[in-house]
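Please open the structure in your viewer with the sequence panel beside it. The tour below proposes a series of selections and states what is found at each one.

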Amino acid sequence: MIAGLLILGRELEPLLGSRRFLVLYAAALVLGALAWTAVNWRHGGVLIGGTAGVYGLLAFYASLYPSTEISFLLFFFFPVTIKPKHLALGLLAIASFPSLFYETR
């Protein structure tokens, strides 16, 4: 997730400024923590990490530049080119699909 923060931060921080970028990242972290708490209220557990913040930055970037192509190396070997809107929707599907089977029982 550090790589995602570095890549998205390099694009968004000059656009938003340092303070707004930090507010956006913190708001995404808080909203992610609240969503996790709402889903895991009865089961308990521990929430660790900043994935929700990076996902929030990706969602913001995808809303600003939905058709810009992003190129990166998957597993440091396979070159991949994808649009941010497809990446955000794909990660949303991957993150929410298991909750249909595990969290809702």
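The tour proceeds from the whole chain to single residues.

**The whole protein**

Begin with the complete chain in cartoon representation, bearing in mind that this is a predicted model. The protein contains 4 helices and 2 strands. Read from the N terminus, its elements follow the order α-α-α-β-β-α. The C-alpha trace extends over about 40 × 35 × 25 Å along its principal axes.

Next, switch on the surface. About 7,900 Å² of the protein is exposed, and 70% of that area comes from carbon and sulfur atoms. Of the 105 residues, 15% are buried. Among contacts with a separation of 6 or more, 46% are made by residues 24 or more positions apart.

**The two strands**

Select residues 70-74, which are strand 1, and then residues 78-82, which are strand 2. How many bridges join strand 1 to strand 2? There are 5, and the two strands run antiparallel. Together they form a hairpin with 3 residues between them.

Two positions in strand 1 show how the strands are paired. Select Ser71, which belongs to strand 1. The bridge partner of Ser71 in strand 2 is Thr81. If residues up to four places away in sequence are set aside, Ser71 touches Val80 and Thr81. Is Ser71 buried or exposed? Ser71 counts as exposed because its relative accessibility, 57%, is over the 50% cut-off. For a view across the chain, add Gly9 to the selection: Gly9 and Ser71 are 62 residues apart in sequence, and their C-alpha atoms are 16 Å apart in space.

Now move to Leu74, and display Phe78 as well. Phe78, in strand 2, is the residue opposite Leu74.

**The turn of the hairpin**

Select Phe75, which lies in the loop between strand 1 and strand 2. Phe75 is not a glycine, yet its phi is positive, at about 60°. The side chain can be examined on the surface view: Phe75 has a relative accessible area of 66% and is therefore exposed.

Continue to Phe76, located in the loop between strand 1 and strand 2. Phe76 likewise is not a glycine and has a positive phi of about 60°. What is the relative accessibility of Phe76? The value is 79%, so Phe76 counts as exposed.

**A nonpolar surface patch**

Select Phe72, Leu74, Phe75, Phe77 and Phe78 together and show their surface. These residues make a nonpolar surface patch of about 570 Å². Phe72 is found in strand 1, and with a relative accessibility of 31% it counts as partly exposed. Why can Phe72 belong to a patch? Patch residues need over 30% relative accessible area, and the 31% of Phe72 therefore meets that requirement.

Within the patch, compare two further members. Phe77 is exposed, with a relative accessible area of 63%. Phe78 counts as partly exposed, at 45% relative accessibility.

**The aromatic pairs**

Finally, display the aromatic rings as sticks. A pair of aromatic rings is described by the distance of the centres and the angle of the planes. The structure holds 2 aromatic pairs. One of them is formed by Tyr61 and Tyr65, whose rings are 5.2 Å apart centre to centre, with 55° between the planes; this pair is tilted. The angle of 55° is neither under 30 nor over 60 degrees, and the pair is therefore classed as tilted. Tyr61 is buried, having a relative accessible area of 7%, whereas Tyr65 counts as partly exposed at 34% relative accessibility.

Then select Phe77 and Phe78 for the other aromatic pair. Their ring centres are 5.1 Å apart, and the planes meet at 80°, an edge-to-face arrangement. Both Phe77 and Phe78 also belong to the nonpolar patch selected earlier.

Key. Residues are numbered from 1 along each chain as its sequence is written. Side-chain values use heavy atoms; hydrogens and water are left out. Buried means under 20% relative accessible area, exposed over 50%, partly exposed in between (1.4 Å probe, protein chains only). Patches are made of residues with over 30% relative accessible area and no salt bridge: like charges are joined within 9 Å, nonpolar side chains (Val, Leu, Ile, Met, Phe, Trp, Tyr) within 5 Å. Accessible areas come from the Shrake-Rupley method with a 1.4 Å probe; for residues, only the protein chains shown count as cover. A salt bridge is a side-chain nitrogen of Lys or Arg within 4 Å of a carboxyl oxygen of Asp or Glu. Rings of Phe, Tyr and Trp (its six-membered ring) pair if their centres lie within 6.5 Å; planes under 30 degrees apart count as stacked, over 60 as edge-to-face and the rest as tilted. Two strands pair if DSSP finds at least two bridges between them. Contact means heavy atoms within 4.5 Å.
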